[in-house]
Amino acid sequence: MKAAVFHAPGTITCDTVDDPVIQDANDIILRVTSTAICGSDLHMYSGGIPQARPMVMGHEFMGIVEEREGKTSMMLQKAMKSSIKKKTDV
Ligand SMILES: [Zn+2]
């Protein structure tokens, strides 16, 4: 998959990285549909928060759950029911 990867202060490139895999019962794989830059990203970009190695940027995102495990499924179902309820309360 493609990802915005921070390499050094002032250097971010669009790289091909490994596809994610489920490693824990709490994991999900999300197809990101929207993302944004956060203040902490800007601190890394400017060199204010040193990074020891390249890092995929973008931790403020939303998307569609593509893969999940059983335990996460129950948590997501509760969250989705709550979200749907709030949406219809308008
Ligand atoms: Zn953030």
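Helices, of at least four residues, and strands, of at least two, are runs assigned by DSSP and numbered from the N terminus. In this predicted model, the secondary structure of the protein chain comes to two helices and five strands, and these elements follow one another along the sequence in the pattern β-β-β-α-β-β-α. The points below begin with the confidence and the exposure of the chain, then turn to the pairing of its strands, and end with some single residues.

**Confidence in the prediction**
- For the protein chain the mean pLDDT is 85, and a pLDDT of 70 or more is reached by 81% of its residues.
- Among the elements of the protein chain, β2 has the highest mean pLDDT, at 96, whereas helix α2, which covers residues 70-88, has the lowest, at 66.

**Exposure and contacts across the chain**
- Of the 90 residues in the protein chain, 0% count as buried, a label that calls for 20 or more other C-beta atoms within 10 Å of a residue's own.
- Strand β3, made up of residues 28-36, is hardly covered, since the count of buried residues among its nine residues is zero.
- Of the contacts in the protein chain with a separation of 6 or more, 68% are made by residues that lie 24 or more positions apart.

**The open sheet of three strands**
- An open sheet is formed by three strands in the order β2-β1-β4, and the pairing within this sheet is antiparallel.
- Because β2 (11-16) and β4 (55-56) stand at the edges and have a single partner strand each, one side of each of them is left without a neighbour in the sheet.
- Strand β1, which covers residues 2-8, pairs with β4 in the antiparallel sense over two bridges, and here the bridge partner of Phe-6 is Met-55 in β4.
- β1 and β2 also run antiparallel, and six bridges join them.
- These two strands, β1 and β2, form a hairpin with two residues between them, and Gly-10 in the turn has a positive phi of about 85°.

**The pairing of β3 with β5**
- β3 and strand β5, the latter covering residues 60-68, pair in the antiparallel sense over eight bridges.
- Within this pairing, Ala-36 has Glu-60 in β5 as its bridge partner.

**Residues by the three-stranded sheet**
- Ala-8 is found in strand β1, where it stands opposite Thr-11 in β2.
- With 12 other C-beta atoms within 10 Å, Ala-8 is exposed, because a residue with 12 or fewer such atoms is placed in that class.
- Although Ala-8 and Ser-46 are 38 residues apart along the chain, their C-alpha atoms are separated by 8.9 Å.
- Arg-53 has its place in the loop between α1 (39-46) and β4, and it counts as exposed because it has 6 C-beta neighbours inside 10 Å.
- In sequence Arg-53 and His-7 are 46 residues apart, while in space they are 7.0 Å apart, from C-alpha to C-alpha.

**Residues by β3 and β5**
- Ile-28 has its place in strand β3 and is partly exposed, with 16 other C-beta atoms within 10 Å, because the partly exposed class lies between the limits of 12 or fewer and 20 or more.
- Ile-28 and Arg-68 are 40 residues apart in sequence, yet their C-alpha to C-alpha distance in space is 4.5 Å.
- Ile-22 is found in the loop between β2 and β3, and with 13 C-beta neighbours inside 10 Å it also counts as partly exposed.
- Arg-68 appears again in a pair with Ile-22, for these two residues are 46 residues apart in sequence and 7.4 Å apart in space, C-alpha to C-alpha.
- If residues up to four places away in sequence are not counted, Ile-22 touches Asp-27, Ile-29, Glu-67 and Glu-69.

Technical notes. Residues numbered from 1 in each chain as written. Predicted model: local features only at pLDDT ≥ 70, side-chain atom pairs only at ≥ 80, totals over all residues. Pairing = 2+ DSSP bridges. pLDDT = per-residue confidence, 0-100. Contact = placed C-beta atoms within 7 Å.
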